[in-house]
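Me: Could you take me through the surroundings of the bound molecules in this model, slowly and in one go? I would like to know what sits around them and how that fits with the rest of the chain.

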Amino acid sequence: MPDDQLVLNAGSATVKFGLYDGQGRLRLRGLVERISEAPRLRLLQGEAPTERFRPLAGGPADAAEALLAWLEAEGLLAGLGAIGHRVVHGGTHHAAPVLLDDALLDDLEALATLAPLHQPPALATIRRLRAQQPGLLQVACFDTAFHRHQPRVHQLFALPRRLADEGILRYGFHGLSYAHVARRLPEVVGAERAVGRVVIAHLGQGCSLCALRGGQSLASSMGFTALDGMMMGSRCGRLDPGVVLHLLRQPGMTTEQVERLLYHDSGLYGVSGISADMRDLLASDHPQAAEAVELFVERLLQEIGALTATLGGLDALVFTAGIGEHSAEIRERCVARLGWLGAALDPAANAHHAPRIDAGTGPALAVIPTDEEGEIAAATRQLLEASSRR
Ligand SMILES: Nc1ncnc2c1ncn2[C@@H]1O[C@H](COP(=O)(O)OP(=O)(O)O)[C@@H](O)[C@H]1O
Ligand SMILES: CC(=O)OP(=O)(O)O
Ligand SMILES: [Mg+2]
């Protein structure tokens, strides 16, 4: 039985991919980057990522198609059994990965405006590949699924009840990342703390934090959309909704322009006026870069404080994703302000991005690399096995 799984994580600027064998071993991974300018494939195995080809310019679906053609030409798709996709928004119904069909695609399409950076490229990619390979199993794995069993009080906004009944709820995102980190918690922070009061800070292009209890999601900083909560690379995070109303009332300002401002022109990029990339800002001596970083740390502390209050204390704080895994400086500046929780950093361990970066007292402080693609591969493999047993 062909049983390899190809994982695709299609975003507006990149399509990340991983090819896994029947035992879940990674065969190959990489990404198509700079999709709308000069798309190119980068393979990420080994020390030096290698650039391999230049597909035609186009959207994420074109990039995914070109990627499949390249994998096919390299003879890498002979054992392909299924494709697993990251789909950011699964709405109220999906608390687990599902096999894709046309009806489900239509349902997910209806959620596109709730995740304008993520849902359209993922669905366009899925539709294109389904048209090309109608017989191939394709699986949707949702960012929201990990949070669907949160207590109702953590899903509610203080809005009229009927809106909650219509699905205007806090969903939470980055669930594939949290699921992976939660699985690794016992080995890094110990079995007891792993089921205790844990906050995971996923700090990448998108940033969110999740409070876990018993290894399950209790509350998240992201809400109805991936705009809420923590400040991000180019997204504003938590905002007085009065600002949105004010902007919408400005002459000539359209909903699309406000959406663009909040998703693309805000966050680190908007405040610095320089870059959405934390590396650029940390390297810059421009005062606006420093101010953007200062605000990022401040917002991070506020989110940690809020979730710690929800949990009633903190047994472990975990950093993950691009900034969380690689920026010793951001972790150091954050932990330096957590003395009120008894947190203490081991500077040498922090400098080396070690799994444990605490000084041995207070809450465990950890760095756990995320693996959203590995999480999708495992879920896809399970559905592939289940469907072959039928
Ligand atoms: N060494 C580093 N120091 C600071 N920030 C970093 C470092 N390496 C990566 N980053 C940040 O991580 C971000 C990307 O995070 P990542 O999780 O890879 O994003 P994505 O959401 O695209 O998966 C980059 O924009 C960059 O700001
Ligand atoms: C949900 C979200 O923000 O995802 P990403 O970090 O990939 O942009
Ligand atoms: Mg991300």
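Reply: Happy to! A word on classes to begin with: Ala, Val, Leu, Ile, Met, Phe, Trp, Tyr, Cys and Pro count as nonpolar, Asp, Glu, Lys and Arg as charged, and the others, Gly among them, as polar. Please keep in mind that this is a predicted model.

Let's start with ligand 1. It has 13 residues around it, and the closest are G204, Q205, M278, G322 and H326. Sorted by class, this shell holds seven polar, four nonpolar and two charged residues. Gly is counted as polar, so G204 and G322 belong with the polar residues here. Two helices, α11 (278-283) and α13 (321-326), each contribute at least two residues to the shell. Of these, α13 gives four residues, the largest share. Among the closest residues, M278 falls within α11, while G322 and H326 fall within α13.

Now for ligand 2. Its surroundings are G11, V88, H118, D143, F173, H174, G204, Q205, G206 and A226. You will recognise G204 and Q205, which are also listed among the closest residues to ligand 1. By class, the shell around ligand 2 comes to six polar, three nonpolar and one charged. V88, F173 and A226 are the nonpolar residues, and D143 is the charged one.

To place ligand 2 in the chain, it helps to look at the domains. The domain assignment gives domain 1 as residues 4-142 and domain 2 as residues 175-367. Both domains give residues to the shell around ligand 2, so this ligand lies between them. For instance, G11, V88 and H118 of the shell have numbers inside the bounds of domain 1, whereas G204, Q205, G206 and A226 have numbers inside those of domain 2.

The two domains also touch each other. Their C-alpha centres are 26 Å apart, and the contact draws nine residues from domain 1 and seven residues from domain 2. On the side of domain 1 that touches domain 2, seven residues are nonpolar, one is polar and one is charged.

One last stop is a pair of helices inside the bounds of domain 1. The axes of α2 (residues 102-109) and α3 (residues 119-132) come within 10 Å and cross at roughly 160°. Angles over 145 degrees count as roughly antiparallel, and α2 and α3 are therefore roughly antiparallel to each other. Their crossing is left-handed. In the contact, L105, L108 and E109 of α2 meet Q119, L123, I126 and R127 of α3, a set made up of four nonpolar, one polar and two charged residues.

Technical notes: Residues are numbered from 1 along each chain as its sequence is written. Chains are lettered from A and ligands numbered from 1 in the order in which they are written. This is a predicted model: local features need pLDDT of at least 70, side-chain atom pairs count only at pLDDT 80 or more; totals for chains, interfaces and linings use all residues. Axes are lines fitted to C-alpha atoms, for helices over the stretch in contact, and angles run from 0 to 180 degrees between N-to-C directions. Angles under 35 degrees count as roughly parallel, over 145 as roughly antiparallel, 65 to 115 as roughly perpendicular and the rest as oblique. A crossing is left-handed if the near helix is turned anticlockwise from the far one by less than a right angle, and right-handed if clockwise. A residue is near a molecule or strand if its C-beta atom, placed from the backbone, lies within 6 Å of it. Domain bounds come from an automatic or database domain assignment.
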